[in-house]
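Trainee: I should like to examine the strand assignments of this predicted model. May we begin with the evidence for pairing?

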Amino acid sequence: MLTSITKPAALILALTAGVIATAPAHAGGRAKEYFSQTYVTGKPLHGFEGRAGDYYCSYVRIPVHKIVGGRMKVVAWTLQQHCY
């Protein structure tokens, strides 16, 4: 399992700083880069949704289930952040 992230503000700051600091790849007729990060956390966190420089970012939260005592239980959350 990946490491847990405990501070949502640090996650959002790191994602937006990485997207804004990246120079656009317009030279040579190539398209912009696509960024995707996946985090596994113990609780549902919000990612960054909206415009960051020349990119649009969105996220998806997916529950991670485990069968405990014959019942399905959410044991972790996967946050997928996409910037394109």
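Trainee: What makes E1 and E4 a pair of strands?

Mentor: Two strands pair if DSSP finds at least two bridges between them. Seven bridges join E1 to E4, so the criterion of at least two is met. The two strands run antiparallel, and Ser 36 stands opposite His 82 in E4.

Trainee: How do you know that E3 and E4 pair as well?

Mentor: The same cut-off of at least two bridges applies. Strand E3, residues 55-68, and strand E4, residues 71-83, are joined over twelve bridges in the antiparallel sense; they therefore count as a pair. Among the contacts, Tyr 59 stands opposite Gln 81 in E4, and Val 68 has Arg 71 of E4 as its bridge partner.

Trainee: What lies between E3 and E4 in their hairpin?

Mentor: Two residues separate the strands of this hairpin. Gly 69, in the turn, has a positive phi of about 60°.

Trainee: Why are E1 and E2 said to stand at the edges of the sheet?

Mentor: The four strands form an open sheet in the order E1-E4-E3-E2, with antiparallel pairing. Strand E1 (35-41) and strand E2 (50-52) each have a single partner strand, so one side of each is left without a neighbour in the sheet.

Trainee: By what angle are neighbouring strands of this sheet turned against each other?

Mentor: On average the angle is 35°, direction ignored.

Definitions and conventions
Residues numbered from 1 in each chain as written. Predicted model: local features only at pLDDT ≥ 70, side-chain atom pairs only at ≥ 80, totals over all residues. Heavy atoms only, no water. Axes fitted to C-alpha atoms, helices over the stretch in contact; angles between N-to-C directions.
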